[in-house]
Amino acid sequence: MKVLLLGSGGREHALAWKLAQSPRLSRLLCGPGNPGTAKCGTNVALQADSPEAVVSLARREGVDLVVVGPEAPLVAGVADALAQVDIPCFGPVAAAARIEGSKAFAKEVMAEAGVPTAAFKVFTDAAQAEAYAVQQGRIVVKADGLAAGKGVIVAPDAQAAREAVRAVAAMGQAGQQMVLEELLEGEEVSLMALCDGERYVLLPLSQDHKRVGEGDTGPNTGGMGAYCPAPFLTAEQLAQVGEQVIAPTLAVLRKRGTPLRGVLYAGLMLTATGPKVLEFNARFGDPETQVLMMQLDEDLLPLLDACARGTLEPRTLAQNQGSSVGVVLAAEGYPETPKKGQRIEGLEAVPFNAPVFLAGVAKQDGALVTAGGRVLTVCARGEDLAKARERALASAEMVRFEGKHFRRDIGARGLRTRP
């Protein structure tokens, strides 16, 4: 099979790394890709969120399957355009991708599907939202639209709630409408399902680390690291979440005539009264994908192809023994104003069995330099979480660039909760 993978981040490098291992792959094109994906396939110049450009390239190259990494191409309608020319796409049509593109729409679907979630209100008037937020005090304020992982602000008191509403309102188009919801307590985990519009298979449970500082301090980021599997749900409980969350959501989208073929990502809060959905995404998470691809012990390509063609067989996926940990190395100033152009060194010292997935990286005069906030993810596997974490952190120390910072507590919450 000839595959076109859209995107240029660490998630896409991890997907390319996994797809390149498939005996069914004849050629992998990455558009636009990054210096990491170039080692797994062939990078091609492409505006990934342009439906016309994607269709043109896919037809010219005789692509058998398009795999969409980031959310922007989905919301732009890339999958719709590919469907019109009968090119299978792993990634939902724009109407289904609204489950990520609009927080208010996602809540509407959850309500119709009977999915457990936080109580909420939707506002289009910032003054009314501010008054409600101050009255509630402890609250979560969310920009309705896409905000690169930074559109959610947790406010512990009235003053923080006021500031959160003003910050979201200042986010432009994404914050024109906002969702205010109750602040749930518990462990936050990521559950991803591969879906063919009707059927699904669950990937192992993972846990992302959103805040920039150790001990979950500082502002939210796109994610500072992840580990897998997260030990907070048994296999039976995980299957139950699939039945209570994934299945009814897919059913509602199918009934609306917009089946979701791709990834349905449920951000869950494991509360005292059971798991509740914080958000839905319509694509693989980043940096969770990096550890999921290491943990998955089977060929990814036929799974993605079956989802795109509507022929997925529901079953339990094989996963490697032990655990996988990914530590994100971020640029100086991230998440506010990341510094770019710093030379990256020490990658050759990282053990070959501890993959480094590149994200905000570019080539300059033959050398790799920082080109984004989250520069790369250093990953490692181990017979248990403690060993995987130890190896990932040791590798993170080997990579060098000016202003590098990373969290040393990735996976610490999992170590406190034994399976």
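How many bridges pair strand 1 with strand 2, and in which sense? Strand 1 (residues 2-7) and strand 2 (residues 27-32) pair over six bridges in the parallel sense, where strands are DSSP runs of E with at least two residues, helices are runs of H or I with at least four, both numbered from the N terminus, and pairing requires at least two DSSP bridges between two strands.

## Basis of the model

This is a predicted model, in which local features need pLDDT of at least 70 and side-chain atom pairs count only at pLDDT 80 or more, while totals for chains, interfaces and linings use all residues. Residues are numbered from 1 along each chain as its sequence is written, and side-chain values use heavy atoms, with hydrogens and water left out.

## The parallel sheet

Strands 1 and 2 belong to an open sheet of five strands with parallel pairing and the order 3-2-1-4-5. Its edges are strand 3 (42-43) and strand 5 (89-90), each of which pairs on one side only. Within the pairing of strands 1 and 2, Val3 has Leu28 of strand 2 as its bridge partner.

Helix 1 (residues 10-19) packs on this sheet and touches strand 1 and strand 2, a contact being heavy atoms within 4.5 Å. The direction of helix 1 makes about 165 degrees with that of strand 1; axes are lines fitted to C-alpha atoms, for helices over the stretch in contact, and angles run from 0 to 180 degrees between N-to-C directions. Helix 11 (residues 300-309) also packs on the sheet, where it touches strand 1, strand 4 (65-68) and strand 5, with its direction at about 95 degrees to that of strand 4.

## The antiparallel sheet

An open sheet of four strands, with antiparallel pairing, has the order 11-10-16-17. Strand 11 and strand 17 (274-281) are its edge strands, each pairing on one side only, and neighbouring strands are turned by 30 degrees against each other on average, direction ignored. Strand 10 (residues 187-196) runs antiparallel to strand 11 and is joined to it by three bridges, and Ala193 stands opposite Leu202 in strand 11. Helix 11 lies across strand 10 and strand 16 (261-271), at about 65 degrees to strand 10.

## A buried valine

Val109 is found in helix 6 (residues 103-113). This residue counts as buried because its relative accessibility is 0%, the cut-offs being under 20% relative accessible area for buried, over 50% for exposed and partly exposed in between, with a 1.4 Å probe and protein chains only. Leaving aside neighbours within four places in sequence, Val109 is in contact with Ile99, Thr249, Val252, Leu253 and Arg256.
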